[in-house]
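Good morning, colleagues. Please take a moment with the sequence and the structure on the screen before I begin.

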Amino acid sequence: MTSNPFFAPSTLPYQLPPFAEIREEHYLPAFERGMAEQLAEIAAITSGPATPTFADTVVALERSGALLTRVANAFFTIASSDSTDATKAIEADIAPRLAAHRDAIYLDPALFARIEALYERRGELEGHGDPEDHRLLEQYRVRFVRAGARLDAAGQARLRELNAELASAATEFGQNLLESTNAAALVLDHEDELAGLTASAVTAAARNARDLGYDGAWALRLQNVSNQPVLAELADRDVRRRVMNASLSRGFGDDANSVLAVRIAALRAERAALLGFADHAAYAVQDQTAKTPEAVEEMLGRLVGPAVANADREARELAAAMRGAGAEAELRAWDWQYWSERVRAERFSVDAEALRPYFELERVLVDGVFHAAGLVFGITLRERADLVGYHPDVRVFEVFDADGDALGLFLGDFFARPSKRGGAWMSELVAQSGLLGTRAVVVNNLNIAKPPAGTPALLSWDNVRTLFHEFGHALHGLFSDVRYPFFAGTEVPRDFVEFPSQVNEMWMSRPEVLANYTRHVETGEPMPAELLDRMEAAERFGTGFRTVEYLGATLLDWAWHRVPNPEALAGTDAATFEEEALRKAGLAIAAIPPRYRTGYFAHIFSGGYAAGYYSYIWSEVLDADTVAWFEDGSASIREKGEIFRRALLAKGGSVDPLEAFESFRGRAPEIEPLLARRGLGG
């Protein structure tokens, strides 16, 4: 298939994939040729001179697989953001084959022997080459060993089987989740059941129903969290109950995901034992900044008690508000967000829905997110209407440095659709690399409800935070300044990757940024200055709930991956396991379900966060410490932005992340700023 657009590097700016030319039938041939080409490149490395060199082994390994990288980056972007029945079939076919391909490389004894020989001679390399070269050799060796290179033949054979099964199961989990989330949309027959929603939200619900084949009805689509945002607005308590039950039941009952989760956890436990680890959590954190399960558990242990105490205080206040309004029912999970909004509106004079007109997507994006990046880092973004993305909703921006030099491309895909998985994320279509002469092409995906044509998209404050957060990941990719793609951008430990994105959230409420984007969509009037203080006070009111909700998911993830062997999960019912795990953690609070239940916990069962969901709060320790540094007044924001960029964001994984942080901060990270931020000090 000589016309396959993946067979040669893209000629578009920054090697943006030529989405206008790509067809579904191009993917599988490109994957197959890409894998074959890379295996041939590996064979060329292993048949080289008996005494390996850094250039003919490690650098050659970094250069290998160019075609496979091109097709994989484009395909998995599509599979997550605009899937079809055809791409789902391709993904199910290719996932285990890619796992086998990875095993063919990392379990190649001749290739590992060359890496090991170079590692044993690493002392001879000192003084030659760049420090990035030495770290690359060390990290490749770590990756080979963790991939099973030291196992005997029988062990490697079983490891290949486990990896293939896990790849298939993770793909199945993700595809099931998309289908079950779409199917769980709550269809309503009467418009008065939507009381409390804005007119635009009601219109969107009618459009959702039509899309699902229910003319004359209204449908509330679910997002991939337990507590649906719409619960804060719906006045009808029974409708709220039905929304919550639909949300919490995904992946259980007749759905296969709860069964798949048990199987995935068992396979991971077996793989960890095969590789010499006590459990998957021990395996997962060994190459993270945490290093040991005990370090994670010590940090989490400091948070649970104070968080639960805060949530208990909030629950008492909400129950009192319910009684004061004449509602005698017990506070339940479907009541929490609704009454929280009522308390916030009364106590802090903050009405979440009244705020939305101040948060129009275009203003938040251009005059907020992009403006902040200019203030802090000096960059500018210009939309490129001549460049197309993979869907009509995708927008393409060229990014320029303070001196006018081009940095790369940023693609924004902000609206929800049935073909897109839930949540928000950043991915790369092209990674920055000095070796390959490439600059970054990064994508941000969100799931904002798309308004009717000609109507502005109005955001919640949480949507605004997500927009700033994901752009923090994008900046991590765009600012990458490394030689090897192995280290580019967000190629850092999982428990460090959220750090830059969390820091970027700070700019959403900085006065000089906030004032630039918060103008009423109809009148153009700025948001009243005193409203920010009330908003922040209102946010602090919900800290207990948010921390407990997060910790519930974190410790659920941890429980699934502290299982010592597959036999321990024999006959396990996922719902029962979950209930017991939360009880043991001290987080079995009926009114606060974990942010994700097992049946829809995509982060850990189909994503890359298995035994790693703790990383959000681990990274927040670094984030809170860094925000305190930005705000200490010792230098201008622009000066500090440049320091932060050069010392941390540009380095990617080319230096040890915690060492880079300690060098940048002048000391090890401290947890006290986080405890103060979340109101967990004692």
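In which sense do strand β6 and β7 pair, parallel or antiparallel? They pair in the antiparallel sense, over five bridges, with β6 covering residues 425-430. I should say at once that this is a predicted model.

Let me stay with β7. The bridge partner of V430 in this strand is V441. β7 also pairs with strand β5, residues 406-415, and here the sense is parallel, over seven bridges. On that side, F410 stands opposite V442 of β7.

How many of the nine residues of strand β7 are buried? Nine of the nine are buried, so the strand, residues 440-448, is largely enclosed by the rest of the structure. In a regular strand the side chains alternate between the two faces of the sheet. In β7, A440, V442, N444, L446 and I448 point one way. V441, V443, N445 and N447 point the other way, and these residues on both sides are buried. I would draw your attention to the asparagines: N444 points one way, whereas N445 and N447 point the other.

I turn now to the salt bridges. A search of the whole structure finds 46 of them, and I have chosen three pairs for discussion.

The first pair I shall show is R417 with D413. Their side chains meet in a salt bridge, at 2.5 Å from N to O. Are these two residues buried or exposed? R417 has a relative accessibility of 11%, and because the cut-off for buried is under 20%, R417 counts as buried. D413, at 0% relative accessibility, counts as buried as well. Both residues also belong to a network of salt bridges, which links D82, D393, D413, R417, K420 and K450.

My next pair is E505 with R465, whose side chains meet in a salt bridge at 3.5 Å, N to O. This pair links distant parts of the chain, with the two positions 40 residues apart in numbering. E505 is in the loop between α18 (494-504) and α19 (511-517), while R465 is in helix α17, residues 461-478. R465 is partly exposed, with a relative accessible area of 21%.

The remaining pair is R363 with D367, where the closest N and O atoms are 3.2 Å apart. Where do these two residues lie? Both are in helix α16, residues 361-377, and they are four residues apart, about one turn of the helix. R363 is partly exposed, with a relative accessible area of 29%. D367 is partly exposed too, at 23%.

Finally, a word on the backbone. Most residues other than glycine have a negative phi, and most peptide bonds are trans. Against that background, I would point to two residues.

Q15 is not a glycine, yet it has a positive phi of about 60°. Q15 is found in the segment before α1 (24-46), and it is partly exposed, with a relative accessible area of 33%.

The other residue is K291, whose phi is near 75°, again a positive value in a residue other than glycine. K291 is found in the loop between α12 (280-285) and α13 (293-324). Its relative accessible area is 45%, and K291 is partly exposed.

To close, I would ask you to keep β7 in view: nine of its nine residues are buried, and it pairs with β5 in the parallel sense and with β6 in the antiparallel sense. Thank you for your attention.

How values were computed:
Residues numbered from 1 in each chain as written. Predicted model: local features only at pLDDT ≥ 70, side-chain atom pairs only at ≥ 80, totals over all residues. Heavy atoms only, no water. Salt bridge = Lys/Arg side-chain N within 4 Å of Asp/Glu carboxyl O. Buried < 20%, exposed > 50% of the residue type's maximum accessible area, 1.4 Å probe, protein only. Pairing = 2+ DSSP bridges.
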